[in-house]
Structure formats: structure tokens, C-alpha cells
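Me: Please take a close look at a single part of this structure with me, and explain it in one connected answer that a first-year student can follow.

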Amino acid sequence: MSFKIKQQEYSSKKTAVIISVCLAAAVIAVYAPVYKYDFTSFDDNTYVVQNVHIRAGLIQTARWAFTATTAANWHPLTWLSLATDYQLFKIHAGGFHVVNVLYHIINTLLLFYLFKYLTNTIWPSAFIAAAFALHPLHVESVAWVAERKDVLSTMFWFLTTLAYVSYTKQCRGEPMYSPNSGQTHRSAPTKWYLAAITLFILGLMSKPMLVTLPVVLLLMDYWPLERKVSFRLFIEKIPFFLLSLASCGVTFIVQRDFGSMSFGETVGLKTRICNAIVSYSVYLWKTIWPAELAMLYPHPGDELSKYQIAFSVLLLVVIFVCIIFLRKYKFFTVGWLWYFVTLLPVIGLVQVGAQAYADRYTYIPLIGVFMIMTFSSVQYLSKRNCVFLSMLLLACWAVVSGRQVRYWQNDETLFTNTLRNTKNNDVILGNYINYLISKNRIDEAVAKTDELLKFKPDSYQAHCNLGVILIQKNKFDEAEKHFALAVKYNPGLAQGYLNLGLVASYKKNTDAAIKYFRQAIETKPDYMDAYICLAITLNNLNRADEAAEICRVGLRIEPNNEVLQRQLKLALEKNGTK
């Protein structure tokens, strides 16, 4: 009997290893091209390309990361992760992409072993992990360097859950298997509980998306852990809820101060609720039919279709009615609640950014849907049909994901695909115009700017881009008008103030130029171009003391900036000092 049990254990482990290798291979097959992809100018500039802080060395980055609110988030571990990549790859984009893929592989394997551990099943767990690995809605989280926070925080989500499950099993006195000794043992559950809290904190420091994890842990107590409902279940979650509450508070303050909620403040509560309801149904539709995907879906504002809202409400009502009547199928209840609860922080009730919804927001929530699909198939379909449908579905998702990955090759492929799949997308069109200007495709840039201004006359991006084009044509007065409109429509646009300063310099109005350069620095304290322009202007006016002070401030942010070093040396020479 003992030999037979050991043989079964060996067979199970061997199967799990084979599945793990296949899952990793599938991810690599889909995402292999990313090693030769570029950064995208949309957020990758903020996170990596123009971020001087991640280049200062890990110690300096750590000092900055724990107080930084750059990119409207407090996620110091994400900054440290990107800083580590910079130490390894410098500014080579391929290295950053490969690390994202490695995290996605780790997450896929952790998810597989988590459900294997939870449900004591291999093939259903394998399908959930494979769906997570290959679904097209997850491409954005993996292929976008700026979404390192997604893949990193999710790793801590799964590790926290694994530690929590170990804690619950030991609370019930279940023996734990040690792969090293081959023996079962019992150890104090306290260490696993503390491990879960520690990993949870690390996850929140990677991205605040983990704030819903305490609720998910309660759902897992219900199924598949099947823990007896008691007051203890809630007591042991109190530290998790307190940490979530603290993270929510920090995130709200940071995003409000950064200005990320400025768009949401223009959208009424009723509109936000309607968009949230529609978003739940849109994500479900795109799970089944992942077509016309884009990196940004413009918020419709008050233009949401009444029929779309009514259909979405009806769908959600039907789902919740099914939850009530099918509550004997606990996986059904837990799966749907996992989906609804984990989407709450990003569903748009508190609107952050100008998007209606985003593919990357589904990275964790879709696990709930995959659970329902998997265990419903096991419940109602024959083994043969389960295998056939699973393989067909995974193959289709892999093909679509492979095609979607290719759109992340560079700005042109990414922006043109998004513009093709969305309407009146002023944010992405403005970024695409920036790209055209950088490639000196001026005529195309002008045509696209005219197109943008037709449907959004108050687009700060359009006016800023048009001003840059006019500068290249030496039409400084017209350029100045457009830059003034740009900062009028977006007072936090540091580039607008910098450009106004450059125009003033061209027009020999140095006092105005200095004022605008200082405004650019005030708006964006780490804006090195503004420091450089201000230092040069002050040195040219022989205001060496001021120039030296500006150089010193800039060099504290980026110590190796050669232009500022030269300007500081010049300022000191003008003062007769060394």
C-alpha cells in the first residue's frame, strides 16, 4: 500500500512538472517577439526612458521610491524592479520586456500550483492557468513595460494566497508534505499567517490592486477551503483589511494630488455608475470574443447608449439571480464574486484617467471567470468534450494573443491599431501626432492635428503639437498662441511651459523665458530639459549665482547630467570660483 501511494505521488508530481513546462513554453511561444520591441512613449517614458531616478543606482532609487508619487501611484517595489532592470540592461527595451514575460510565467505557474493545492485537481487547475497565460486581454499587462506593476503585484497576490492557504490547512491540523524529506509534518500556523501579511504588504507596495484580496480570502474560505463559518474568519482578516484601507487612502491622496482624477471630476456620479455597469458586461464579452482590442478606450461620458446600459443591467441581474439559485455550486458563486469584487477598484466609480475601461484591469479578475468555465465544464460535460473544448479555446486565444502582441512592437503599430479600433480617441491621436513629429513626418502630423481639433477643439495635446510644428516653420507668434491654449486647457502641462519659454527665448524676451522655465520646473520638479534651458538662459545673462543654484538642484536629481555639469562649471568660472 505504501509503495502504491508513493507511486501515485510520483506520477502526480511528474504530471505537474510536465504541465508546468508546457505552460511556460506556451507563454514563451506567444510572447517571444517582445525581446526586440521598443518602449512606447505612452507611460514608458515616465516609468523608464525619461525617469532619471531609476538610473541613480539601487540605493538612491530606494530613497526616492518610498516617497515618490510619480505616475500617480505609490508603488516603491515597482520602481525598484525597474531600477534593477536598468542596472542590467541600461536603456535596452528588450530586457525590460523579457523580465515582464518572466513574471508572467511565474504568475502562471503559481496560479497552477495554487489551484492544484486548493482543489486537489490537476487538469482543471492546468486549464485555469493556461487561460490566464494565453488570454488576449492579458497581453497589455505583459507587453507594456509600464505595466510591470501588474505582473509584479500579481506575483505577490498568488504568494500571499499560497501562504494563507498553508495557514488555514495547518489551523485544521492537516499535515504538510515536505519535498525534501518526503515526510509529512506539522508546523505552527503563525509563521504562515505572518508570511501572508508580509507578502500582502509587498504586493500593495507593487500596486494597490491587491486591496480586494482580503475579500477574496473570505471567498476562498467558503470554497474551496470549505472552512466553517465563524467569527474567527473575520477576525483573522482584520490586519489585511486595515492594510487595504491604508493603501486606498494613500492611493486616493496621491492620484488626487497628481491630477489623475481631474477627468473624473468632470463626469457625474450617474455617468460613472452607468459606465461601470457597462464595463462589467464589456469585459465579459471581450473574454469570450477578444476582438478590436486597444490600449485606451475613450470614456463615452454622457453618450452611453441607453440600450447598452439596459442590456448590461439585465445581464448583471441574471448573473446574480443565478448565483442565488445555483448556490449549491459553490465554485459558481465564488467565481462570479471574485470577478465583481476584484474589478471594483478599477471599474470607474472613482474615475482615474480618461479611459472607459482597460484590458490590463482584467489580469486578476478574469481568474474568477476561468474558474466558472472550468468547473462548470467538469460538472456538465464529458471528459472527452472537456478536453476538446479546452484545447480549441486555448488554441484560439493563443493565436489572437500572438497577433495582439505584435501591435506592441512600437508606437506606430500600437497607436494605429488603437485608432483603428476606437473612435474620437483624442489621447492616443495626440500621442500619435507626437510620434509623427519625432519622425519628421510633418505633413502627416498637421493633417492628424486638424483631425483631432475637429472633434476636440480643447485638446491640449493638439495645440501643443501644432505649436511644435509651427516652431519648426519659424512661426513663433502662432506657436506661442497654441502653447498658451495648451497650458490653459491643461495647467499641469510642463512641456507647454517649456515650449512657451523656448518661444520667448527665440523672441529675445528672456524675462518671460525664465518665468516659463521656472513654471515648467514647478509643475514637474524632475524636468531636466527645463533645468538645462533655465541654466543656459541665466548663464547667457551673466546671472551666474542663479545659474549655479539651478544646476546644483538639477544635479541632485541627475548627478551625471553632462550638460548641467558644463553649465555649473561655466557659472563658477563667471563668478571666479572653481
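Reply: N474 is exposed in this predicted model, because its relative accessible area is 57% and exposure begins over 50%. This residue is found in the loop between helix 21 (460-472) and helix 22 (476-489), and its backbone has a positive phi of about 60°, although N474 is not a glycine.

A similar description can be given for another asparagine. N542 lies in the loop between helix 25 and helix 26 (544-557), and here too phi is positive, at about 60°, in a residue that is not a glycine. N542 counts as exposed because its relative accessibility is 56%.

From N542 one can turn to helix 25 itself, which covers residues 528-540. Its axis and that of helix 23 (residues 494-506) come within 10 Å of each other and cross at roughly 25°. Angles under 35 degrees count as roughly parallel, and helix 23 and helix 25 are therefore described as roughly parallel to each other. The crossing of these two helices is left-handed. On the side of helix 23, the residues that meet helix 25 are L498, L502 and S505, while helix 25 contributes D529, A530, C533 and T537. Sorted by class, this contact has 4 nonpolar, 2 polar and 1 charged residues.

A further asparagine, N417, offers a contrast in its surroundings. N417 is found in helix 18 (residues 411-421), and it counts as buried because its relative accessibility is 3%, where buried means under 20%. The side chain of N417 reaches the backbone oxygen of L293 at 3.3 Å. If its neighbours within four places in sequence are left aside, N417 is in contact with L293, Q404 and Y407, so that L293 appears both in this list and as the residue whose backbone oxygen is reached.

Another buried residue is L162, with a relative accessible area of 17%, and its place is in helix 8 (residues 148-171). The C-alpha atoms of L162 and L114 are separated by 6.1 Å, although the two residues are 48 residues apart along the chain. Again leaving aside neighbours within four places in sequence, L162 is in contact with L110, Y113, L114 and Y117.

One backbone feature remains, and it concerns the peptide bond. W223 and P224 are joined by a cis peptide bond, with omega about 10°, and P224 is found in the loop between helix 10 (213-222) and helix 11 (231-235).

How values were computed. Residues numbered from 1 in each chain as written. Predicted model: local features only at pLDDT ≥ 70, side-chain atom pairs only at ≥ 80, totals over all residues. Heavy atoms only, no water. Axes fitted to C-alpha atoms, helices over the stretch in contact; angles between N-to-C directions. Helix = DSSP H or I, 4+ residues; strand = E, 2+ residues; numbered from the N terminus. Parallel < 35°, antiparallel > 145°, perpendicular 65-115°, else oblique. Left-handed = near helix turned anticlockwise from the far one by under 90°. Contact = heavy atoms within 4.5 Å. Nonpolar A, V, L, I, M, F, W, Y, C, P; charged D, E, K, R; others polar. Buried < 20%, exposed > 50% of the residue type's maximum accessible area, 1.4 Å probe, protein only. Polar contact = N/O pair within 3.5 Å; in protein donor to acceptor, adjacent residues only side chain to side chain.
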